[in-house]
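Me: I would like to learn how to read strand pairing and overall shape from a model. Could you take me through the one shown here?

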Amino acid sequence: MRYLLTTVLLSTFSMLSAQDVSLALQKAPPTTTTEKNTGWQVLKGGTRVGFLNSNKRYPQDRVPEGTPKSMETLVAWKGERVHTQLGVWSAKEVPVTAAAGALKTKNGAVIPADQVQIGLMGYVMTDEFRNGCGHRKPEDFDSSLVADAIHFEKTSGTVKQNQVQPIWVSVDIPAGTKAGNYEGLITVKADKEYQLKLMIKVLDRTLPAAADWAFRLDLWQHPAAVARIHNVPLWSDAHFELMRKYYTMLAKAGQKYITASIVNEPWGHQTYDDYPSLIQWTKKKDGSWSFDYSLFDKYVTFVMSTGINQRINCYSMVPWKVAFQYYDESLGRDTVFAGKIGSEEYNAFWTPMLKDFTRHLKAKGWFGKTTIAMDERPMDAMKAVIKLLKGIDKDWKVALAGDYHAEIEKDIDDYCLASAHQFPADVLTARTQRGQLSTWYTCCTEKYPNGFTFSPPAEHVWVGWYTAAKNMEGYLRWAYNSWVADPVNDSRFRTWPAGDTYQVYPGPATSIRFEKMIEGVQDFEKIRILKKQYQESGNTARLQQLEAALATFEISNLAHQSAADMVLKVKPLIN
């Protein structure tokens, strides 16, 4: 992404076991605000429990505005995942336990209790956007605690005096659920027992399974971060076992891409953890090359087994720092090739690998779904790589995340534009006809829409609507889990706005951001299904109404209108 190259942070890695992750919820750093809140005095030592707005983050030290609601109504399609938020706040310290039961209709239809997840939310330190990308010192930015992590395995805890404890509820509607109005209770025990009514109106429409969603979600995975945070050896059986939980959760969100590093540090070690190559390069004494694909094969096969299996994006022939590490038998050690991209030396270095890699991928049956992926690289370098690849095999696919370049557009099979750019309408149509993918992304550059820990949650829902509005096929964001030193407590990083490097937490634990992203992807699918239905049935009135709503989704509108307001206004059109 559009990040400045940084030096490696020399610090001791913070090791967290699964148990430590759970306990860390109670160890959040103190808030920096000195503002007094008289709302706690109004409670007169009492406790409040009620539903809250799922599009808001509630400060830990302030009484939520408005009267607590004892009932919440959601609307869902069959096969959809829906959610709501509730809270407990008290002027005295109280224990809290939350539980949810099955939801039922008056006719006896049931959404089982095991489809309802409920968990306490954790607060994490965040900062502010300011100038976006670039080195930053914590003391130069306004920092605060925000609710973000959702710990579904944690249903009980303690609400401290004059504090708020948000609780998240997600419900997966089974695809075979009968249409109807379902009711159930959420029981919260604090100073006393509270029973909140949850109603879900299930419509007679069905979302396909996540594996069949058309939306191309691409959150980059970071294997080494999982090993570090759980303190297990990299690529050990324990490491793969732990990764399965994270990757399965990502697959259920509709992820389509495998992030595969074919060289060491494709992003120039901008991340907190190493990013090692999945392929071992060896230059033999006689000058020939050998390539060990055993780890690459194991990793790709593993990720596919979790349900992420449509694309293998290989990073990268154009890394942020041109320094390709390999083992030299003559020298008896690792060494580095740093020749200029596009030079004769560069082409001679890469040609043996590309020929052998092509052969290997075809033998595995993966060549057709594999790309050589590039990330915001100079034009001359990208042209040189495309020419070299097509010379090896004309059917090599190329992926690019970056600005719009008309001169190479036709050569990019999977083109992901920065949010400041748009595909010309005729180009987008032609790409679709050629079977090429056209998506977009945000990173540290954009204040909005984005997925920082301080970003308004609904901006991730907005992303799905914008994707549909621009007739694109998906959204990319680095990174799914490129964690900082202590991600459970502090989402700030040395270079970019807080939360930029990850969307979920160790555990694995989901987040407001991740759940809202799923909501946005589901909305995209609903829009796609309804547009197709209206076109086939000739329902021009409904189609025009939906198209008019989509036309309002311009990034510039977020400067004066919240993502939540924009999304809530048009939600009835798909529900």
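Reply: Start with a term: two strands count as paired if DSSP finds at least two bridges between them. The model is predicted. In the model, S1 and strand S3 (residues 81-90) meet that condition, with six bridges in the antiparallel sense. Within this pair, Phe51 stands opposite Leu86 in S3.

Me: In which order do the six strands of the open sheet lie?

Reply: The order is S1-S3-S10-S7-S8-S25, with antiparallel pairing. Strand S1 (47-52) and strand S25 (510-511) are at the edges, and each has a single partner strand, so one side of each lacks a neighbour in the sheet.

Me: Which strands pair with S24 in the parallel sense?

Reply: Strand S13 (residues 216-219) runs parallel to S24 and is joined to it by four bridges. Strand S23 (residues 437-441) also pairs with S24 in the parallel sense, over two bridges. Tyr475 of S24 appears in both pairings: Leu217 stands opposite Tyr475, and Tyr475 is the bridge partner of Trp440.

Me: How do I read the two faces of a strand, and are those of S24 covered or open?

Reply: In a regular strand, side chains alternate between the two faces of the sheet. A residue counts as buried when its relative accessible area is under 20%. In S24 (residues 474-477), Gly474 and Leu476 lie on one side and Tyr475 and Arg477 on the other. These four residues are all buried, and both faces of S24 are covered.

Me: Now the whole chain. How many helices and strands does it have, and how compact is it?

Reply: There are 12 helices and 25 strands in the chain. For compactness, set the radius of gyration against what a globule rule gives for the chain length. Here the radius of gyration is 25 Å, close to the 25 Å from the rule for 575 residues, so the chain is as compact as a globular protein of that length. Along the principal axes, the C-alpha atoms fill a box of roughly 80 × 60 × 45 Å.

Me: What share of the residues is buried, and what share of the contacts links residues far apart in sequence?

Reply: Of the 575 residues, 58% count as buried. Among contacts with a separation of 6 or more, 74% are between residues 24 or more positions apart.

Me: What does the exposed area consist of, and how are the charges placed?

Reply: The chain exposes about 23400 Å², and carbon and sulfur atoms supply 50% of that area. The chain has 67 positive and 62 negative charges, and the mean positions of the two sets are 4 Å apart.

Definitions and conventions: Residues are numbered from 1 along each chain as its sequence is written. This is a predicted model: local features need pLDDT of at least 70, side-chain atom pairs count only at pLDDT 80 or more; totals for chains, interfaces and linings use all residues. Side-chain values use heavy atoms; hydrogens and water are left out. The radius of gyration is taken over C-alpha atoms; the globule rule is 2.2 Å times the number of residues to the power 0.38. Buried means under 20% relative accessible area, exposed over 50%, partly exposed in between (1.4 Å probe, protein chains only). Contact means heavy atoms within 4.5 Å. Accessible areas come from the Shrake-Rupley method with a 1.4 Å probe; for residues, only the protein chains shown count as cover. Lys and Arg count as positive and Asp and Glu as negative; His and the chain ends are not counted. The place of a charge is taken as NZ of Lys, CZ of Arg, CG of Asp or CD of Glu.
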